[in-house]
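This report describes selected structural features of the model shown below. It proceeds from charged pairs to strands, cores and individual buried residues.

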Amino acid sequence: MSTNYAIYFDSSKCMACRACQVTCKQWNDREAEITENRGSYENPPHLSSQTWLRITFHEDKEERNDPFWFFGRNSCLHCTDAPCVSVCPTGAMAHVNDNYVVVDTSWCIGCRYCVKACPYEVPRFNEKRGVVEKCTFCVDRVQNGYQPACVKSCPDSALEFGDRNKMIRKAEVRIAKLKEQGFSGAEIYGEKELSGQYVINILLNEPEAYGMPSNPKGTGKQLAADWGSGVVAAAVMATLPIAWAVNRRMKAGREEK
Amino acid sequence: MSGPIVLGQWNFWIVLYLWFVGIGTGAFLTAYYINKKGDASDLLARASWIGVAALAAGSLLLLIDLGRPLRFWHMFVSYRGSSVMWIGSWLITITTILMFIVALTKSKGVAVLAAIGAALTASYVGVLLTVSAIQLWSGTLLLPWLFLASAFTTGAAALSLSKNGSRHADVLSEVGKVYGILELIILILFVFWSFAAAPAAALSMVAGKYIGALWVGVLIIGIAAPLYLEIKSDKKISIAATGLMIIFGGLALRYLVVFAGQ
């Protein structure tokens, strides 16, 4: 099989019916969850080990005649430079076929470092099983020639599935059209973010309007800077002040004598 | 039907772990330098045991915190150099063993290695949090610095409360003062920098949900009051009180950083 498939999500066509959200649960055997009415149709409020995909509702802050929502698709974006894979201490969170990110729940130890590392808050802890779970890109379906369950269920053409390069080209055409229609802020998300993701999002506005970071931090340079600060801190803080303090006191002690 | 939504936050076990690592590594490093400049092999031996106990207890807390504690060995059977947690697991294991050897043999060569391990371990816990998508943790590069300063204040305080501490009370108090002032400076920088990098979390520390942890726990009990006592008052009376306050302040600092971040 080709291993370069991507999911294509066009938020301008999404009507938030959430068929994808329900189908994801059905195919992946996820339980229903108890939630509360928070004054929004958006539900549940977060992803969890039982909810791997949800449609998010973001009300437009600009003044329009009618209410207007941006509908986002909150699920794993299957990053190439995936922070969750990078931080995993056991290798349980890993790329399959060099692209989709899947957690091996028989190897995961439940440390939840991936939960802290993902800029999209996707990996979630299953307390009962003691492991982290998330969207699998429906690799079980894809490897057998089917589309992911969410794509299959979409009644409109908001979700599509195909070769990643084709999906990017399709997205470019769509963006040009949306700009013509007056959505000047429309942009593609996922083509370059974190070295390329396997979900290509068409957004009508800046990523922040969808609760997504514009410049998610990659792991390489960031890791070097963080370790750099750590090693310099160890070298400086654990030598100079302590040596100074001890010397000063010893000297004072000798003078007193 | 499953219950309330579980996100997978890091909780109080992690706070205690960070606290124990700070005390153990700080105590060892402080005693190591005092012994280097004068005769304090009794203090170094005591510190080695404190270090072994604190690091071992901290590691145990981490195990308890895992979703699958019995699978902890999965971390040690593969190479995962990109993972700070993987590096840290090795670092803390090796450092604990080295400190154990120092405690038993008083070997000077091993003590040097253990001191390097302790410094890196004290710093790694900061890097662990920095490499994340949590704005308060990743927004500044100061967490290793802050945790190191606190490691020395709490470590020296633990030594001053220990059996051999009174003989070295003066120098331990000096270490507490120097690192207390450093910790205060780094903490101020951290809070200001966080207002740019993680405004919501910074506000929750300064004037929101964590106002008590920051102002009372960390600043007054952990730093300001001990500094005042160390500089101003009669030493004999204040050693125990100061030590306990500093150690409590270290716990408040870890609590503040871990919980205000998430």
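Is Arg129(A) buried, partly exposed or exposed? In this predicted model, Arg129(A) has a relative accessible area of 35% and is therefore partly exposed, since that class lies between the limits of 20% and 50%. The salt-bridge partner of Arg129(A) is Glu133(A), and the closest N and O atoms of the pair are 2.4 Å apart. Glu133(A), in contrast, has a relative accessible area of 2%, and is therefore buried.

**Salt bridges**

Side chains of opposite charge can pair when their charged atoms come close. Over all chains, the count of salt bridges comes to 12. Three of these pairs are listed here with their N to O distances.

| Pair | N to O distance |
|---|---|
| Arg129(A) and Glu133(A) | 2.4 Å |
| Arg174(A) and Asp10(A) | 2.9 Å |
| Glu174(B) and Lys177(B) | 3.8 Å |

The salt bridge between Arg174(A) and Asp10(A) links distant parts of the chain: Arg174(A) belongs to helix H6 (residues 164-180) of chain A and Asp10(A) to strand E1 of chain A, with their positions 164 residues apart. Both Arg174(A) and Asp10(A) are buried.

In chain B, how far apart along helix H7 are Glu174(B) and Lys177(B)? They are three residues apart in helix H7 (residues 169-197), so about one helical turn separates them. Glu174(B) is buried because its relative accessibility is 2%, and Lys177(B) also counts as buried, at 18%. For Lys177(B), the assignment follows because buried means under 20% relative accessible area. Glu174(B) and Lys177(B) also take part in a network of salt bridges together with Arg248(A) and Arg249(A). This network thus contains residues of chain A and of chain B.

**Strand E1 of chain A**

Asp10(A), named above for its salt bridge with Arg174(A), is also placed by its strand pairing. Strand E1 of chain A spans residues 5-10, and five of its six residues are buried. With which strands does E1(A) pair? One partner is strand E8 (residues 159-163) of chain A, joined to E1(A) in the antiparallel sense over five bridges. Within that pairing, Phe9(A) has Leu159(A) as its bridge partner. Another partner is strand E10 (residues 199-203) of chain A, which runs parallel to E1(A) and is joined over four bridges. There, Asp10(A) stands opposite Ile202(A).

**Domains and nonpolar cores**

Chain A is divided into domain 1 (5-210) and domain 2 (220-256). The centres of these two domains, taken over C-alpha atoms, lie 45 Å apart.

In soluble globular proteins, nonpolar side chains tend to be buried together. In this model, the largest nonpolar core has 104 residues, and those with the most contacts inside it are Tyr113(A), Phe28(B), Val84(B), Leu129(B) and Trp137(B). Helix H1 of chain B gives the most to this core, with 15 residues. Each of domain 1 and domain 2 of chain A supplies at least three residues to this core.

Which residues surround Leu129(B), neighbours within four places in sequence left aside? Its contacts are Trp10(B), Leu18(B), Trp137(B), Ser138(B), Leu143(B), Phe147(B), Val257(B) and Val258(B). A second, separate core of 64 residues includes Tyr8(A), Cys14(A), Val85(A) and Met212(A).

**Two buried residues of chain B**

Gly24(B) is placed in helix H1 (residues 12-37) of chain B. Its relative accessibility is 0%, so Gly24(B) counts as buried. Beyond residues up to four places away in sequence, Gly24(B) touches Ile50(B), Gly51(B), Ala54(B) and Met99(B). The C-alpha atom of Gly24(B) is separated by 12 Å from that of Leu120(B), a residue 96 places away along the chain.

Ser194(B) lies in helix H7 of chain B, the helix that also holds Glu174(B) and Lys177(B). With a relative accessible area of 1%, Ser194(B) is buried. A polar atom of the Ser194(B) side chain lies 2.7 Å from the backbone oxygen of Phe190(B). Not counting residues up to four places away in sequence, Ser194(B) is in contact with Leu136(B), Thr140(B), Pro199(B) and Ala202(B).

Key
Residues are numbered from 1 along each chain as its sequence is written. Chains are lettered from A and ligands numbered from 1 in the order in which they are written. This is a predicted model: local features need pLDDT of at least 70, side-chain atom pairs count only at pLDDT 80 or more; totals for chains, interfaces and linings use all residues. Side-chain values use heavy atoms; hydrogens and water are left out. Buried means under 20% relative accessible area, exposed over 50%, partly exposed in between (1.4 Å probe, protein chains only). Two strands pair if DSSP finds at least two bridges between them. Contact means heavy atoms within 4.5 Å. A nonpolar core is a set of buried Ala, Val, Leu, Ile, Met, Phe, Trp, Tyr and Cys residues joined through side-chain atoms within 4.5 Å. Domain bounds come from an automatic or database domain assignment. A salt bridge is a side-chain nitrogen of Lys or Arg within 4 Å of a carboxyl oxygen of Asp or Glu. A polar contact is a pair of N or O atoms within 3.5 Å; within protein, one must be able to donate a hydrogen and the other to accept it, and residues adjacent in sequence count only if both atoms are side-chain atoms.
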